[in-house]
Amino acid sequence: MARPPVALGARKAPRQTRAAHTVDALLEAAALVLEEGGLAGFNTNAIARRAGASIGTLYQYFPSKDALTLALLQREEGKFRTAAAAASALPDWREAMDAFIAVAAQQQLARPHLARLLDQQEGRPDIRAALNQGPSFYVLMADILAKPEAPGHACDAAQLTQAAADLLAIIRGMTDAAGERGERDADDLARRIRGSVSGYLNVLT
């Protein structure tokens, strides 16, 4: 049975510093409740209690727990996207690739349980459609591959798109698996990902 429509957008945006702090506290409380209780314990009453706020205050900003889920995804993906874009902008392709991989490893292992649960929710069509779209991770990876002297520099657009998709699949697969195993060493994970990416790039060239 299809899910009924839910309110996903924030009810109102905070306009003052105090209100912004309240929203930040609610989002961090939502993250903690999700980490500690999983999806079964994720509800607006638990989040309000954890934030030390009334349920009425929560509903001033978020009309549903799905709206909180979306806001959490936007927060976490926004941090990842900003850091990945900075990595992609580095002039040397090797430095850019290493930085991109390091960002991905750190993002997944900083709060691995939260990352896994949010990944599950991100797959929902209603959540996926509502997520704010910044620069595509595929575009960022393709930009790295197209830099001077990079392995994809001489590739046509179709080859570049395929290579970017393959590399992102490698990175995501390895970071997701590391999170599921409970790994915490992001540097070691990044080292292993670099090895896998290097092997792929050797085939590409």
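Which residues in α6 meet which residues in α9? The legends below treat this pairing and several other close-up views of a predicted model.

**Figure 1. Helix α6 against helix α9 in the predicted model.** On the α6 side, the meeting residues are P112, R116, D119 and E122. Their partners in α9 are R172, D176, G179 and E180. Helix α6 spans residues 112-122, and its axis comes within 9 Å of that of α9, the two crossing at roughly 125 degrees. An angle of this value makes α6 oblique to α9. In handedness, the crossing of α6 past α9 is left-handed.

**Figure 2. Helix α5 against helix α9.** Two packed helices are described by the angle between their axes and the distance between the axes. For α5 (residues 93-110) and α9 (residues 157-180), the axes come within 9 Å and the crossing angle is roughly 30 degrees. Angles under 35 degrees count as roughly parallel, and α5 and α9 are therefore described as roughly parallel to each other. From α5, the residues that make the contact are M97, F100, I101, A104, A105, Q108 and L109. From α9, they are L167, L168, I171, T175, D176, A178 and G179. The crossing of α5 and α9 is right-handed.

**Figure 3. The protein chain as a whole, for orientation.** The secondary structure consists of ten helices and zero strands. Read from the N terminus, the order of elements is α-α-α-α-α-α-α-α-α-α. The chain has 205 residues, of which 40% are buried. Among contacts with a separation of 6 or more, 72% are between residues 24 or more positions apart.

**Figure 4. The annotated segment at residues 43-62.** An unreviewed UniProt entry places the feature "DNA-binding region" at these positions. In the predicted model, the chain over residues 43-62 is 75% helix and 0% strand. The C-alpha atoms at the two ends of the segment are 12 Å apart.

**Figure 5. Surroundings of D66 in helix α4.** Is D66 buried or exposed? Its relative accessibility is 8%, and D66 therefore counts as buried, the cut-off for that class being under 20%. The side chain of D66 is joined to the side chain of R124 by a polar contact of 2.9 Å.

**Figure 6. D92 in the loop between α4 and α5.** The helix that precedes this loop, α4, covers residues 65-88. D92 has a relative accessible area of 31% and is partly exposed. The side chain of D92 reaches the backbone nitrogen of R94 at a distance of 3.1 Å. D92 and P148 are 56 residues apart in sequence, while their C-alpha atoms are 8.0 Å apart in space.

**Figure 7. R192 and its contacts in helix α10.** Helix α10, in which R192 is found, runs over residues 186-204. With a relative accessible area of 24%, R192 is partly exposed. Which residues are in contact with R192, leaving aside its neighbours within four places in sequence? They are M174, R181 and E183. Of these, M174 is 18 residues from R192 in sequence and 8.6 Å from R192 in space, C-alpha to C-alpha. The side chain of R192 also forms a polar contact of 2.7 Å with the side chain of D188.

Key
Residues are numbered from 1 along each chain as its sequence is written. This is a predicted model: local features need pLDDT of at least 70, side-chain atom pairs count only at pLDDT 80 or more; totals for chains, interfaces and linings use all residues. Side-chain values use heavy atoms; hydrogens and water are left out. UniProt positions are given in the numbering used here, feature names are shortened, and annotations may be inferred rather than shown by experiment. Helices (H or I, at least four residues) and strands (E, at least two) are DSSP runs, numbered from the N terminus. Buried means under 20% relative accessible area, exposed over 50%, partly exposed in between (1.4 Å probe, protein chains only). Contact means heavy atoms within 4.5 Å. A polar contact is a pair of N or O atoms within 3.5 Å; within protein, one must be able to donate a hydrogen and the other to accept it, and residues adjacent in sequence count only if both atoms are side-chain atoms. Axes are lines fitted to C-alpha atoms, for helices over the stretch in contact, and angles run from 0 to 180 degrees between N-to-C directions. Angles under 35 degrees count as roughly parallel, over 145 as roughly antiparallel, 65 to 115 as roughly perpendicular and the rest as oblique. A crossing is left-handed if the near helix is turned anticlockwise from the far one by less than a right angle, and right-handed if clockwise.
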